[in-house]
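This report describes one molecular model. The sequence and coordinates come first, and the notes follow.

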Amino acid sequence: MRLVLLGPPGAGKGTQAFRLSQILAIPQLSTGDMLRSAASAGTTVGMKAADIMKRGELVPDDLVARVIIERIAQPDAARGVILDGFPRTVSQAEILDGLLVADGHELNCVLELKVNEAKLLDRILGRAIQARASGEAVRADDNEEALSVRLTAYTNQTSPLTHYYSAKGLLRSVDASQPIDCVTAALIEAIE
Ligand code: B4P
């Protein structure tokens, strides 16, 4: 099973990808997490990505392609993958098509998480408030300024993917403004 989770920042891609990964017993591949780890580790890719992510912009396709190509080649990904936050541009979708074809696989389903903008803002800023209260590090892009840039990037660069995948008959949209358990149930139903 090869799945893509698509949605604006704070839609719950990471939250739901983790749950689906437990249920379906296939790995969650989060480009956001991979880029944040690369940034903390100070790798060449990570150093280039860190400031871009902090501003809320999308990291260039060639850098993201490098991390995903490396990760998807790992043995555990042969069983299937849940792609969390990748692809985010039409060029990335074409890179993914090429990778899957080369491995003799195909995409089973693209799950779009739909949430209105007010709720996205509440969730992201809520996460920052919670992190601050519990003494954890606040994500560098969880602030109003970066979120506005992230939302614009989603509208301009990522949302065209809904047409791309709908034309291929792969898109399933789910109301992700519901409580977390209800969203998971709706996603499982959409996959089935
Ligand atoms: P990501 O790490 O992918 O994060 P995100 O889109 O901002 O959030 P996500 O949708 O996963 O929301 P989450 O579950 O955390 O991207 C960060 C940055 O990395 C990008 O801006 C970009 O710079 C870079 N990047 C990553 N991939 C890239 C790519 N392919 N190309 C270029 N750049 C790339 O949920 C958010 C909050 O909401 C949490 O607090 C959660 O608990 C809460 N929540 C979730 N679901 C909920 C629900 N149903 N009800 C209530 N709260 C909920």
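Ala 25 sits in the loop that joins H1 to strand E2 (28-30). The model is a predicted one. Ala 25 has 10 C-beta neighbours inside 10 Å, and it therefore counts as exposed, since the cut-off for that class is 12 or fewer. Its phi is near 55°, a positive value in a residue other than glycine. Arg 2 is 23 residues from Ala 25 in sequence, and the two C-alpha atoms are 12 Å apart in space.

A second backbone feature is the peptide bond from Phe 86 to Pro 87, which is cis, with omega near 0°. Pro 87 belongs to the loop between strand E3 (81-84) and helix H5 (90-102). Most peptide bonds are trans, and most residues other than glycine have a negative phi.

The next topic is helix packing. The axes of H2 and helix H4 (residues 61-72) come within 10 Å and cross at roughly 105°. The two helices, H2 and H4, are therefore roughly perpendicular to each other. On the H2 side the contact is made by Thr 31, Met 34, Leu 35 and Ala 38, and on the H4 side by Val 64, Val 67, Ile 68 and Arg 71. By class, this contact of H2 with H4 has six nonpolar, one polar and one charged residues.

The largest nonpolar core has 37 residues. Leu 5, Ile 82, Leu 83 and Leu 111 have the most contacts inside this core. Leaving out residues up to four places away in sequence, Leu 83 touches Leu 3, Val 4, Leu 5 and Leu 29.

The ligand has 29 residues around it, and Pro 9, Gly 12, Gly 14, Gly 32 and Gly 85 come nearest. The shell around the ligand has 13 nonpolar, 10 polar and six charged residues. The helices in the table each supply at least two residues of that shell.

| Helix | Residue range | Share of the ligand shell |
|---|---|---|
| H1 | 13-24 | at least two residues |
| H2 | 31-41 | at least two residues |
| H3 | 44-55 | at least two residues |
| H6 | 117-133 | at least two residues |
| H9 | 180-191 | at least two residues |

H2 thus appears in two of these topics: H2 supplies residues to the shell around the ligand, and H2 is in contact with H4.

Technical notes:
Residues numbered from 1 in each chain as written. Predicted model: local features only at pLDDT ≥ 70, side-chain atom pairs only at ≥ 80, totals over all residues. Near = placed C-beta within 6 Å. Helix = DSSP H or I, 4+ residues; strand = E, 2+ residues; numbered from the N terminus. Nonpolar A, V, L, I, M, F, W, Y, C, P; charged D, E, K, R; others polar. Axes fitted to C-alpha atoms, helices over the stretch in contact; angles between N-to-C directions. Parallel < 35°, antiparallel > 145°, perpendicular 65-115°, else oblique. Contact = placed C-beta atoms within 7 Å. Core = buried A, V, L, I, M, F, W, Y, C linked by C-beta atoms within 7 Å. Buried ≥ 20, exposed ≤ 12 C-beta atoms within 10 Å, placed from the backbone.
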